[in-house]
Every structure is written in C-alpha cells, then in structure tokens.
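Let's walk through this structure together, moving from one helix to a few residues that sit around it. Please have the viewer open and follow along.

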Amino acid sequence: MTPPDAPEGMAIAGTEGQRSAVLSCSNGTPRPSLTTLTKRADFLRAARARRQGTGSFLLQARKRDADDPATGIRVGYTCSKKVGNAVKRNHAKRRLREIARMVLPELGHDGWDYVLIGKAGDTSARPFELLLKDLRYAMRKVHGEGSGKPS
C-alpha cells in the first residue's frame with residue numbers, strides 16, 4: 001500500500017523478505033527499482049565483495065551470481081551500536097536511505113547489491129550535500145569509473 005503522502009509515481013511492492021520501490025522519472029520513464037535487502041546472508045555476501053570507504057559511511061557492493069535474480073538494484077543499510085543509541089542509528093539510516101534513493105537509480109548497476117554502513121557521528125553530522133557527493137564518489141570507485149577524486 002502506498003502511503004498517502006508518497007511522491008507521485010512511487011508504488012511500493014512487497015516480495016518475500018524484501019521491499020521494493022518502483023520509481024519513475026519526471027518524463028514517465030521507469031528508473032531501475034530499488035529493493036531493500038533484509039536477509040543476513042545477503043549482507044554477508046556483500047561484506048566479502050568490493051568496498052569503498054568515505055568520510056561518512058562505508059559502501060559495499062557485489063555483482064549478483066547467476067543463481068540470484070539479476071534484475072534490479074538491491075540495497076541494504078546498517079549501523080552498529082558504535083553509532084549511538086537507537087535514535088541516532090535510525091537517524092543515520094534514514095539519511096543513508098535518502099541518499100541511496102537519490103543516487104543509486106542513476107549510478108547503480110542492474111544486478112548489483114549495495115550495502116551502506118553508517119559511521120559513528122559522521123553519518124548524522126555530515127551536511128547532506130556532502131553525503132550525496134560521498135556516495136557518488138564511492139559508486140565511481142567501486143565500479144572502476146572516474147579519476148578517483150571527488151568532484
């Protein structure tokens with residue numbers, strides 16, 4: 001069920017153990033769907049794959065195997081107790097969810113899993129524009145694109 005205050009063009013569909021959001025651009029063309037990782041095994045597989053640290057979080061990324069569903073972008077979020085109490089952890093995860101919603105449809109690759117891990121103090125305190133810049137930088141590094149310096 002789509003919340004009444006959800007942006008237009010957003011529908012939430014549920015699958016077993018995962019949530020996904022199908023978004024469309026302003027011109028009506030669909031963007032790749034973002035599905036939320038919920039199973040521990042998916043997080044553990046991402047932990048053994050590529051990673052890129054930034055000033056405000058750690059990004060882990062892996063290309064899914066042939067036996068996994070290869071369509072769509074899957075993303076997970078986590079913050080340890082080092083980040084703070086439940087209020088601080090949830091605040092950090094909300095910020096990570098928002099930057100992922102804004103950046104992954106444009107820079108994420110179909111058939112990949114991404115996990116964003118919050119850092120103590122940095123994820124909540126960093127200005128939002130710099131969080132977006134950090135994620136764009138980390139995506140370029142993980143996929144081997146760009147010069148390496150944040151722009």
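A residue counts as buried when its relative accessible area is under 20%. Asp113 has a relative accessibility of 0%, so this residue is buried. Keep in mind as you look around that the model is predicted.

Let's stay with Asp113 for a moment. You will find this residue in strand β7. What joins the side chains of Asp113 and Arg74? The answer is a polar contact of 2.8 Å. Setting aside residues up to four places away in sequence, Asp113 touches Leu37, Gln60, Ala61, Arg62, Arg64 and Arg74.

One name in that group, Ala61, makes a good next stop. Ala61 belongs to strand β5, and its relative accessible area is 0%, which means that Ala61 is buried too. With residues up to four places away in sequence again left out, Ala61 touches Ala49, Arg50, Trp112, Asp113, Tyr114 and Val142. Take Ala49 from that list: 12 residues separate Ala49 and Ala61 in sequence, while their C-alpha atoms are 6.1 Å apart in space.

Val142, another partner of Ala61, leads us to helix α4, which covers residues 128–142. This helix has 15 residues and spans 21 Å from its first C-alpha to its last, close to the 21 Å expected at 1.5 Å a residue. Which residues of α4 are buried? They are Leu131, Leu132, Asp134, Leu135, Tyr137, Ala138, Met139, Arg140 and Val142. These buried residues pack against two helices and three strands that you can pick out in turn: α2 (86–107) and α3 (122–125), then β4 (50–53), β5 (57–63) and β7 (112–118). Past the end of the helix, α4 is followed by Gly144, which has a positive phi, near 70°.

Finally, turn to helix α2, where Arg95 lies. Arg95 is buried, yet this residue has no salt bridge. How far away is the nearest side chain of opposite charge? That side chain belongs to Glu129, and the distance is 7.1 Å. What the side chain of Arg95 does reach is the backbone oxygen of Arg126, at 2.8 Å. Leaving out neighbours within four places in sequence, Arg95 is in contact with Thr123, Ser124, Ala125, Arg126, Pro127, Phe128 and Leu131. Leu131 brings us back to α4, as one of the buried residues of that helix.

Terms used: Residues numbered from 1 in each chain as written. Predicted model: local features only at pLDDT ≥ 70, side-chain atom pairs only at ≥ 80, totals over all residues. Heavy atoms only, no water. Helix = DSSP H or I, 4+ residues; strand = E, 2+ residues; numbered from the N terminus. Expected span 1.5 Å × (residues − 1). Buried < 20%, exposed > 50% of the residue type's maximum accessible area, 1.4 Å probe, protein only. Contact = heavy atoms within 4.5 Å. Lys, Arg positive; Asp, Glu negative; His and termini not counted. Salt bridge = Lys/Arg side-chain N within 4 Å of Asp/Glu carboxyl O. Polar contact = N/O pair within 3.5 Å; in protein donor to acceptor, adjacent residues only side chain to side chain.
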